[in-house]
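Welcome, and thanks for taking a look at this one with me. Please keep the structure open while you read, and turn it as you go.

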Number of protein chains: 2
Amino acid sequence: MVPRRSFTIDTEKTTRTTYVLGTELTVNLNRCAPPESKFFSVKCSPNVYYKITPQAKDKNAVPYPLTPNTVLIVTMDAVSKTANDSKLSVRFYGEKTEALGDALLHLTAVEISLDVDADRDGVVEKNNPNKGSWKWGPKGHGAILLVNCDSETTYKKTLDSDNDEIRKVSDLQDMSKMILRTNGPAELPEGYKLTMHISQSTSENVRVFRPRAKGKKVDGWKHKLLKLFLKDYIMVVGTEMLTQEVPYLGGKTEQEFFVEGLRFPDIDFDGLITINLSLLEPCGKGFPETPVFTDKVVFHISPWIMTPNTLKPVEVYVCSTDDNYAFLKSIRNLVEKCGYKLKICHKYMNRGDRWMQDELEFGYIDSPHHHFPVVLDSPRDGALQDFPYDSILGPDFGYVTRYALNEEVSSLDSFGNLEVSPPVTVNGKSYPLGRIIIGVAFPTATHGRNMTKVVQDFLWAQKVQEPIALYSDWLYVGHVDEFMSFVPAPDRKKFRLLLASPDAGYKVFKSLQISGNGKAEMFLGLPEAISVNEILSDKKLQAENRYVQNCIDWNRDVLKKELGLDDEDIIDLPILFKLSEEETRAVAYYPDMVNMIVLGDQLGIPKPFGPKVNGRCALETEVCSLLEPLGLKCTFIDDFAPYHKLLGEVHCGSNVLRERSPFKWWNLEL
Amino acid sequence: MVPRRSFTIDTEKTTRTTYVLGTELTVNLNRCAPPESKFFSVKCSPNVYYKITPQAKDKNAVPYPLTPNTVLIVTMDAVSKTANDSKLSVRFYGEKTEALGDALLHLTAVEISLDVDADRDGVVEKNNPNKGSWKWGPKGHGAILLVNCDSETTYKKTLDSDNDEIRKVSDLQDMSKMILRTNGPAELPEGYKLTMHISQSTSENVRVFRPRAKGKKVDGWKHKLLKLFLKDYIMVVGTEMLTQEVPYLGGKTEQEFFVEGLRFPDIDFDGLITINLSLLEPCGKGFPETPVFTDKVVFHISPWIMTPNTLKPVEVYVCSTDDNYAFLKSIRNLVEKCGYKLKICHKYMNRGDRWMQDELEFGYIDSPHHHFPVVLDSPRDGALQDFPYDSILGPDFGYVTRYALNEEVSSLDSFGNLEVSPPVTVNGKSYPLGRIIIGVAFPTATHGRNMTKVVQDFLWAQKVQEPIALYSDWLYVGHVDEFMSFVPAPDRKKFRLLLASPDAGYKVFKSLQISGNGKAEMFLGLPEAISVNEILSDKKLQAENRYVQNCIDWNRDVLKKELGLDDEDIIDLPILFKLSEEETRAVAYYPDMVNMIVLGDQLGIPKPFGPKVNGRCALETEVCSLLEPLGLKCTFIDDFAPYHKLLGEVHCGSNVLRERSPFKWWNLEL
């Protein structure tokens, strides 16, 4: 709909106004007509056009009859060369067509367009008709903004979004470009101003900067080169600055603005940001100006997006501790064989906290013009707590965290309890970025542990990977990565869900017994050594594993439903659990093979130390027979002393930064 | 989709489980088959059914071949008479069809359904397939809940929602009924339990009660009459009680529950509430039970809904003060003539605060089973601040407020600045409950006043009357009711928007001058008396009114766009303003006729004290000529001394409780 502006003209003095191309001035003639007026006629400059509503019955009846609701609609089709260079006049007549007065209007036409990349192609197009709204999907529209959550500096660093000035020119890359295109006379008529403005609540979520220097003339032959020094950028709107005048440069010009996102979507913020630009008209001395034209643009903040195991790894993170030299060497061999980078967090930084999976989760933010990885820092805050901020945050590597204020932080807040599925389609609904998976208390538990509400709210608010809540509180440590993982596969849905399965575990041990290997020992050579026969005769262990299988099956049913999986999409890995003495909560009986690191088709699996048959571990044999047909390569890594005995495994002790998904989040149909 | 439950059977001992009608048990046979098994066969009681997937190629090949993914799907079609009265057994065979073992399963079938009024007809139907989700619209579904924000007691009253016990049986009317229907043997097999549960965040928004006494047997001939004493109701789930066992009564039974809403939708709450009921299965001594079946129901909290001027009045509220006797008499006459009730707020309660419009706004909540009015108490908190809680809150009259915690409360928080339009359709989008209208600062103002964010967030979160923000900060008092109102009309959109118009005012005065009445005086007999000629020669007043007309025209354009109005839907009332000395903000020059009370076709309009022609006020004549053709009756009420001089008028000094809209909010297409 064309923006319309109610306007009044006057028979007692000439009225002047500035008209913005593409709008309509609507003049209620009856309002300004001298009393007794019955007819009127209109004259205007050639670039001024008018319509009359309601249309006179006899179109040729000039002068036109004046009715109580006669409205004159005025438009123009070209910008003015000088102020007030276009004219329109209305003459009013009485009963006998005697002239009662003339109302004169002097017009200055300008073109004003606040522009963004509403079609999401990386280029700021001119006056996209959809720039003022957001629509999801490949046929959608609306510009995109990144939270400027990285840090351009590495020395004395802070989040860029914590500074209300631009300290490095490279920071502009993290912002979305916005262009103010104007065309008109060299100067606006006296008293007119352009002003940019945002709402109070928006001011918590965005800042807009512009170069202090003037923009370049598009149709001039000389380009004024911008000197890109720091002080050359000033904040136009943002925190505690809801409105500010912006210059009108005259002629046909483009001014660049840089828009910086400050906050991720959350329970109280839907991620949408509106920025307005208004033309203010003077109302005479002593009166505030009033806006006569407002253009608005809408941005959506990029959500924080997680990367499933099926995406290509970039870098593997692991801690170096006093006791994990051999483990570290195995990981290094595996990572180097795959050709990825290895990043070691050293002792001075990890202070003995080896649970690299638990302190942080890698994700990314994405837009048509720029993208970078963002680490989500867990409120877990073990001895590794400074690592994400101190060692990961940097140029084009963002950081975000949530603080648990009035809530207790539990083991379920560790990010071994936060995973994401590969892309799935569920009952026709597609999740091309997968679905987030977290673990919480059994819904029916009276005193369950939970992931903090602040983190859950954050995850749900990102919207593009709708979370699934599994029940992980039955585990002593309580992380979903203790019983599930995803691996790539060449067929079906392009992945398999791996689940720990005591039933599958018992099946292996029973087969060994039947095939005459009942005396073969697990944990051979370790103090814990125990034979297959002894394991199978342990009724307490059997009952505990019956319970564990029930818990996992409950999750299996949820995952089948929420990810749209068939039994053929799931592989049961032979893993036994036992319950901790005090808590009736489960821990892995032997290294928990599902807690693996997935690097493309290479899997780094906790070495289970199972009973050997013909010199080969029967559990490894079984797992290889399940996974190798999918083209996966299994490397079994000894994590027994430094991880398994401390109730974690390979996955808990590592983290993988992966490439972003080729799917663009804004193309989701939400 | 039929709920499926993964289940394991065992060749070493008989497995027992409880099956819920309408679900499927899926048994992965390979998991429990003895090693070396190649074939299997199945036998079962006549009321037990099974399917095998993947289906064998040769359907008649018995025993069936066992594949790695063979799944047995078990269903039943009738409830059990006694525990474990149905059986299924699977026999496994080796390569040469020699029997390797039998897995026995004993089944108890029950029927469980947690039921609500998901089809919104006021009756709790049985197992509505849509009971677990919410969909807006006449073809939508989902049960509805009221916030129990009234008070059953009048002595020592508190909001009912502030008490976690039921103190009067009448309070049950404000809750939504929920029925647990079960059918099965007299008792559940040993160790099984039914439990109701809600999430942590839901527990802030809802409570569920049940009678302590047992329910009635539906098929028994004796009905156990429930003694409805207070202690006969106990809270099942709610604040600090996320889960609790509920009794299984045996046979075919219905248990009633009562669901109480606690919070209105707000920025951090979408109004949706999920309540779950699970059947817990024992896992053996020392292990927690696990849920084997979960039924869930969803409620949507009724939003708070405002009532436009076009709805039928019920009761008119007005203050009695030391100086408004005559005004009160005029209002009483008008209200009695119309046949509505008048409620007077006396001095001891109003303590001199006469602005009944500003302290509160009437609305209502609605559901298929019950509805009542709810007063929204403004954070304005003048001397009238205790009136809504102390005098209005009561049985079936609810109360809600919002507290401005970290924000300054301004004059824009008075509810003269909160109105609602009649039903409109805008570009094809229908708003059958109208749209809320509030006034805020000019978007481009540097130091504007605003309505507090807590109130704005509340209004936006109700969703069903999507708000429009007008710009009222140009007024000294700053309320939208100073320049606009809605009146019913027989034609077009069934209403007109009335706008104050200085242009229309000047037109009246100019006509008077032309017709020789230039010496006629406004405010005749008052110290303020002034002639038409003097008014017209006041250039300062003219300039001020030019500015005011600009401000109103800005709002006129917003209203036309957001309410889909044409110029023919708008009537300009002749009203002049003047600016206050210090603030450059406007106040009405003479009683502001648009600030009227609308009671059906009767309008109580501030008496303008305009210049008289032939003994009749020219402003009244003009207003009558504009409104009477619509079938409206104008009564001009003298509010000069007790209201106008204090910068308010009739509307500011009154409030109207109206009937609810016949349109049901859940039928909106959102």
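The numbered points below walk through a predicted model, from the overall layout to single residues.

1. Let's begin with the layout of chain A. The chain is split into domain 1, covering 4-110, domain 2, covering 116-301, and domain 3, covering 305-667. If you take the centres of domain 1 of chain A and domain 3 of chain A over their C-alpha atoms, they are 74 Å apart.

2. Next, how is chain B placed relative to chain A? A turn of 180 degrees, with a shift of 0.0 Å along the axis, lays chain B on chain A with an RMSD of 0.0 Å. The two copies are therefore related as by a two-fold rotation axis. To find that axis on your screen, look for Asp268(B): its C-alpha is the nearest to the axis in chain B, at 2.7 Å. The copies also meet through the same surface, because 100% of the interface residues of chain B are interface residues in chain A as well.

3. Now please look at an open sheet in chain B. Its five strands come in the order β10-β18-β17-β12-β15, and their pairing is mixed. At the edges are β10 and β15 (243-246) of chain B, each of which pairs on one side only. Ignoring direction, neighbouring strands in this sheet are turned by 35 degrees against each other on average.

4. Strand β18 of chain B is a good place to pause in this sheet. This strand spans residues 290-301 and is mostly covered, with ten of its twelve residues buried. Towards β10(B), the two strands run parallel and are joined by three bridges; here Ala143(B) stands opposite Phe299(B). Towards β17(B), residues 272-281, the pairing is antiparallel and extends over ten bridges. In that pairing you can find Ile275(B) opposite Val297(B) of β18(B).

5. One step further along, β17(B) meets β12(B), which is made of residues 193-197; these strands pair in the antiparallel sense over five bridges. A pair to click on is Thr195(B), which stands opposite Ser278(B) in β17(B).

6. Chain B has another open sheet worth a visit, with three strands in the order β30-β31-β34 and mixed pairing. Strands β30 (484-488) and β34 (570-574) of chain B are at its edges with a single partner strand each, so one side of each has no neighbour in the sheet. The average turn between neighbouring strands here is 30 degrees, direction ignored. Strand β31(B), residues 495-501, pairs with β34(B) in the parallel sense over five bridges, and the bridge partner of Leu498(B) in β34(B) is Ile571(B). Lying across β31 and β34 of chain B is helix α10 (residues 618-627), which runs at about 170 degrees to β34(B).

7. How many disulfides does the structure hold? Over all chains, the number is zero. Take Cys319(A) as an example: this residue is in no disulfide, and the nearest cysteine sulfur, belonging to Cys345(A), is 4.2 Å away. Disulfides are counted within 2.5 Å, so a separation of 4.2 Å does not qualify. Cys319(A) is buried, with a relative accessible area of 0%. Cys149(A) also counts as buried, because its relative accessibility is 2%.

8. A few backbone details deserve a check. The peptide bond between Thr53(A) and Pro54(A) is cis, with omega at about -15 degrees, and Pro54(A) sits in the loop between β5 (48-53) and β6 (64-65) of chain A. In chain B, the bond from Thr53(B) to Pro54(B) is cis too, with omega near -15 degrees.

9. Please also check two residues with positive phi that are not glycines. Phe609(A) has phi near 55 degrees and lies in the loop between β38 (602-606) and β39 (612-613) of chain A. Thr97(B) has a phi of about 55 degrees and belongs to the loop between β8 (86-93) and β9 of chain B. With a relative accessible area of 43%, Thr97(B) is partly exposed.

10. Finally, where is Asn130(B) located? This residue is in the loop between β9 (99-115) and β10 (143-145) of chain B. Asn130(B) counts as partly exposed, because its relative accessibility is 32%. From Asn130(B) to Gly631(B) there are 501 residues in sequence and 47 Å in space, C-alpha to C-alpha.

Note on methods: Residues numbered from 1 in each chain as written. Chains lettered and ligands numbered in written order. Predicted model: local features only at pLDDT ≥ 70, side-chain atom pairs only at ≥ 80, totals over all residues. Heavy atoms only, no water. Domains from an automatic or database assignment. Helix = DSSP H or I, 4+ residues; strand = E, 2+ residues; numbered from the N terminus. Buried < 20%, exposed > 50% of the residue type's maximum accessible area, 1.4 Å probe, protein only. Least-squares fit on C-alpha atoms with pLDDT ≥ 70 in both. Contact = heavy atoms within 4.5 Å. Pairing = 2+ DSSP bridges. Axes fitted to C-alpha atoms, helices over the stretch in contact; angles between N-to-C directions.
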